[in-house]
Amino acid sequence: MSTVTTLSLPTLPYADTALAPVISANTLSFHYGKHHKAYVDNGNKLLAGTDLEGRSMEEIVKATYGKADKAGIFNNVAQVWNHDFYWLSMRPGGGGAPTGRIGELINSSFGGYDAFKTELTQAAMTQFGSGWAWLVSEGGKLKVTKTPNAENPLPHGQTPLLTIDVWEHAYYLDFQNRRADYVAAWLEKLVNWEFAEKNLG
Amino acid sequence: MSHLSRRDVLAASLAGAAVGALAVRSLPSFAAEPAAPTAPTAPPAGPLVLAPLPYADTALAPVISQNTLSFHYGKHHKAYVDNGNKALAGSSLAQKSIPEILRATAGKPDQTAIYNNVGQAWNHDFYWKSMKAAGGGAPTGRMGDRLKADLGGYDAFRAVFTKAATGRFGSGWAWLVDTNGKLEIVDTPNADNPLTTDKKPLLVLDVWEHAYYLDYQNRRADYVGAWLDKLVNWEFAEANLG
Ligand SMILES: [Fe+2]
Ligand SMILES: [Fe+2]
């Protein structure tokens, strides 16, 4: 992710109809146009005049993680970072088992794509309340993790490769209470494995 | 504004161990309620019961639509009841009251299935009762007097409650509670509730996104405003004062 002087709302990397029917244009209009935008706007408001203004999102997230008096900044900046990363974690015609370097790493780290799929589904389903499930790289091995609310892998020294948003706002208009169906469809049809591979560095 | 963080709940739970039994005795609990003949489920396979809604599923519209209730009550609440009973099956906790179950499992990573589902089953039961058709606005009588004496009046209550409900980041609840004779407003994350503390719940508002997303999408503030103006069941709050 790029260094920023102020937070900004990026352009979506695809048309707002491109992820349908898994994620509808209606969902994106709120998720990107309202939620993500509000995190950007509120984050900029809270950062204005502080010594964190002008630092990168990664630095801000690491510097404010776990600090009760910085919760507003942490929540909004981390959510901007998380949503930027989530949009890039998807593409139309994505999903399924990866090939190439990331495919080999999935196999060596999890014992195969199906085992990875089971682990990611489990993490996404058991993140109680709002949060995120992640594929990360740590110490040369891939891992699945989950985080509550705005938290992400950056303060934990892990390299994020992919994320799925499991806040209810991510799927409620399309799937209502059926989070499992959203997660399954996301894995089958939307995962951007090229993005994950690029994040390996 | 006071927040009930997980740490506060635990601290209060520990500090209140000696007096907790007295403080929670009068709290409503599923176990104390008769099984409803019209409940849409088979006889309960555990201590948690999905009680019928105390009104028609169209009664809260347009603030809360029938569509929202069909998922919120028929799917989310039902899943908490079913999963809670499943998690309690075979556990000695199944014989305990809901406050006792929550206090015994709070903060224990290997007990989250029981804690989260039992807490959510109770929270939703309390939420349905916190609302009624044509409710809301400023209360009169004893609740009106208490809002004035403890919080500076209805407008002050409304402002602080709105701030708690809109400021709760992520999933959770906003509560009006009675703490040793003084009204307070607190908010809790996820399944947490005041039953593990010395705070007696009077009213609750669900601010999980599933409570309002079909009707308001991202506009949580509009849901909170309409709930306060049109749905609050002040008679329920007053009855909970004891
Ligand atoms: Fe989101
Ligand atoms: Fe709910």
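**Two iron sites, aromatic pairs and an A–B contact**

User: What spacing do the donors of the iron ion (ligand 1) follow along the chain?

Analyst: The spacing is H-x51-H-x81-D-x3-H for the iron ion (ligand 1). Donors here are N, O and S atoms within 2.8 Å of the metal (3.2 Å for Na, K and Ca), and water is not among the atoms, so sites may look incomplete.

User: Before we go on, what am I looking at?

Analyst: This is a predicted model: local features need pLDDT of at least 70, side-chain atom pairs need 80 or more, and totals for chains, interfaces and linings use all residues. Residues count from 1 along each chain as its sequence is written, chains run from A and ligands from 1 in the order written, and side-chain values use heavy atoms without hydrogens or water.

User: OK. Which residues coordinate the iron ion (ligand 1)?

Analyst: His31(A), His83(A) and His169(A) each coordinate the iron ion (ligand 1) through NE2, and Asp165(A) does so through OD. The distances run from 1.9 to 2.1 Å. His31(A) sits in helix α1 (residues 25-47) of chain A and His83(A) in helix α3 of chain A, 52 residues apart. That pair links distant parts of the chain. Helices (H or I, at least four residues) and strands (E, at least two) are DSSP runs, numbered from the N terminus.

User: And what is the geometry of the iron ion (ligand 1) site?

Analyst: Tetrahedral, with angles of 88 to 132° among the four donor atoms of the iron ion (ligand 1). The rule for four donors is that all angles lie between 85 and 135 degrees.

User: Is His31(A) buried or exposed?

Analyst: Buried, because its relative accessible area is 1%. His83(A) counts as buried too, at 0%. The cut-offs are under 20% for buried, over 50% for exposed and in between for partly exposed (1.4 Å probe, protein chains only).

User: Now chain B. What coordinates the iron ion (ligand 2)?

Analyst: His72(B), His124(B) and His210(B) by NE2, plus Asp206(B) by OD, at 1.9 to 2.1 Å. His72(B) is in helix α3 (residues 66-88) of chain B, while His210(B) is in the loop between β4 (199-206) and α8 (213-216), 138 residues apart.

User: Why is the iron ion (ligand 2) called tetrahedral?

Analyst: Because its four donor atoms subtend angles of 88 to 131°. His72(B) is buried at 1% relative accessibility, and His210(B) is buried at 1% as well.

User: Switching topic. How many aromatic pairs are there over all chains?

Analyst: The structure holds 30 of them. One joins Tyr65(A) and Phe74(A), tilted, at 5.7 Å centre to centre and 55° between the planes. Tyr86(A) and Trp132(A) form an edge-to-face pair, at 6.0 Å and 80°. Tyr86(A) lies in helix α3 (residues 71-88) of chain A and Trp132(A) in strand β1 (residues 131-138), 46 residues apart. Rings of Phe, Tyr and Trp (its six-membered ring) pair if their centres lie within 6.5 Å; planes under 30 degrees apart are stacked, over 60 edge-to-face, the rest tilted.

User: How accessible is Tyr65(A)?

Analyst: Tyr65(A) is partly exposed at 33%, whereas Phe74(A) is buried at 8%. Tyr86(A) is buried at 0%, and Trp132(A) is buried at 0%.

User: Which residues form one aromatic cluster?

Analyst: Tyr32(A), Trp81(A), Phe85(A), Tyr86(A), Trp87(A), Trp132(A), Trp134(A) and Phe195(A).

User: Last one. How much area do chain A and chain B bury between them?

Analyst: About 1800 Å² (accessible area lost on being put together, 1.4 Å probe, summed over both). Carbon and sulfur atoms carry 64% of it. In chain A, Phe128(A), Glu168(A) and Tyr172(A) lose the most area to chain B, together 38% of what that side buries.

Conventions
Four donors count as tetrahedral if all angles lie between 85 and 135 degrees; four count as square planar and six as octahedral if opposite donors are over 155 degrees apart and all others between 65 and 115; anything else is irregular. Buried area is the accessible area (1.4 Å probe) that two parts lose on being put together, summed over both.
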